[in-house]
Amino acid sequence: MDNYCIKGFITNLGKYVEGELIGEWISFPITKKELKKVLDEIGINEYYEEYFITDYDGNYPSSVYDLLGEYTSIKTLNKIALALEKVCQAGVQEQFIAFLEHSNDIFGACANAINGNGLYISGSDYSDLAYFFIDETGGIENLSKESLEYYFDYDM
């Protein structure tokens with residue numbers, strides 16, 4: 001499975017307002033030293049003090065995109081990138097996406113996926129879920145007629 005990464009195009013706001021697009025792509029997480037170098041390069045100084053992120057790129061779940069804004073702080077973007085790195089290191093990207101689909105809490109989804117909270121069943125349709133349930137309960141011969149009728153929609 002691919003590793004996640006987040007890149008942002010950091011832009012000099014003052015120059016942007018004046019009609020000039022001056023910016024640079026940066027990757028998150030970024031250190032203070034790396035950020036200072038980029039800010040110097042795009043002309044952030046005593047006169048032009050403000051910057052914003054005009055675009056994002058990278059490989060990350062689409063639901064993460066909703067958390068990335070023009071004025072999202074560098075500190076928050078670093079935290080998001082570090083959380084995504086931890087998910088990739090643990091190899092729990094599918095579980096992470098499943099948790100994230102039910103919550104906007106990226107950090108909670110990260111922690112739940114890494115800690116193995118909940119039960120994640122990979123599959124493409126409900127029949128995969130049915131086979132999983134039957135296997136986990138010891139096979140179809142161990143299920144009563146009432147259980148089969150309760151859990152499965154079928155004609156007998």
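Start by selecting lysine 36 and aspartate 40: they are four residues apart in helix H2, and so about one helical turn separates them. The model on screen is a predicted one. Show the two side chains, and you will find them joined in a salt bridge, with 3.2 Å from N to O. Lysine 36 is exposed, at a relative accessible area of 53%, whereas aspartate 40 is partly exposed at 45%.

Next, select lysine 37 and glutamate 41. Both belong to helix H2 and are four residues apart, again about one turn of the helix. Their side chains also meet in a salt bridge, here with 4.0 Å from N to O. Lysine 37 counts as exposed at 55% relative accessibility, and glutamate 41 as partly exposed at 43%. A general point helps here: an α-helix has 3.6 residues a turn, so residues three or four places apart point the same way.

Now colour the whole of helix H2, residues 32–41. Which of its residues are buried? Leu35, Val38 and Leu39 are. Turn the view until you look down the axis of H2: the buried residues fall within an arc of 100 degrees, so they line one face of the helix. On the face turned away from that buried side, look for the exposed residues Lys33, Lys36 and Lys37. To see what covers the buried residues of H2, add the strands S1, S2 and S3 and helix H4 (74–90), which are among the covering elements. Before leaving the helix, select glycine 43, which follows H2 and has a positive phi, near 85 degrees.

Move to the strands and select S1, residues 5–12. Is this strand largely enclosed or largely open? Six of its eight residues are buried, so the rest of the structure largely encloses S1. Add S3 (residues 51–59), which runs antiparallel to S1 and is joined to it by eight bridges. One pair to pick out is threonine 11 with its bridge partner in S3, phenylalanine 52. Then add S2 (residues 23–28), also antiparallel to S1, with six bridges between the two. Here, select glycine 8 and its bridge partner in S2, isoleucine 26.

Continue to helix H1, residues 13–17, where tyrosine 16 is located. Tyrosine 16 is partly exposed, with a relative accessible area of 44%. Select Val17 and Leu21 along with Tyr16 and switch on the surface: these residues make a nonpolar patch of about 340 Å².

How many salt bridges does the structure hold? There are three. The one not yet visited on this tour links lysine 15 to glutamate 20, with the closest N and O atoms 3.8 Å apart. Lysine 15 is partly exposed at 21% relative accessibility; buried would require under 20%. Glutamate 20 is partly exposed too, with a relative accessible area of 37%.

For the last stop, select asparagine 117, in the loop between helix H6 (106–115) and helix H7 (126–136). Asparagine 117 counts as partly exposed, at 35% relative accessibility. What does asparagine 117 contact, leaving aside its neighbours within four places in sequence? Show Phe99, Ala111 and Asn112, which are in contact with it. Finally, draw a distance from the C-alpha atom of asparagine 117 to that of isoleucine 97: these residues are 20 apart along the chain, and their C-alpha atoms are separated by 13 Å.

Note on methods
Residues are numbered from 1 along each chain as its sequence is written. This is a predicted model: local features need pLDDT of at least 70, side-chain atom pairs count only at pLDDT 80 or more; totals for chains, interfaces and linings use all residues. Side-chain values use heavy atoms; hydrogens and water are left out. Buried means under 20% relative accessible area, exposed over 50%, partly exposed in between (1.4 Å probe, protein chains only). Two strands pair if DSSP finds at least two bridges between them. Patches are made of residues with over 30% relative accessible area and no salt bridge: like charges are joined within 9 Å, nonpolar side chains (Val, Leu, Ile, Met, Phe, Trp, Tyr) within 5 Å. Accessible areas come from the Shrake-Rupley method with a 1.4 Å probe; for residues, only the protein chains shown count as cover. The arc is that of the directions from the helix axis to the C-beta atoms. Contact means heavy atoms within 4.5 Å.
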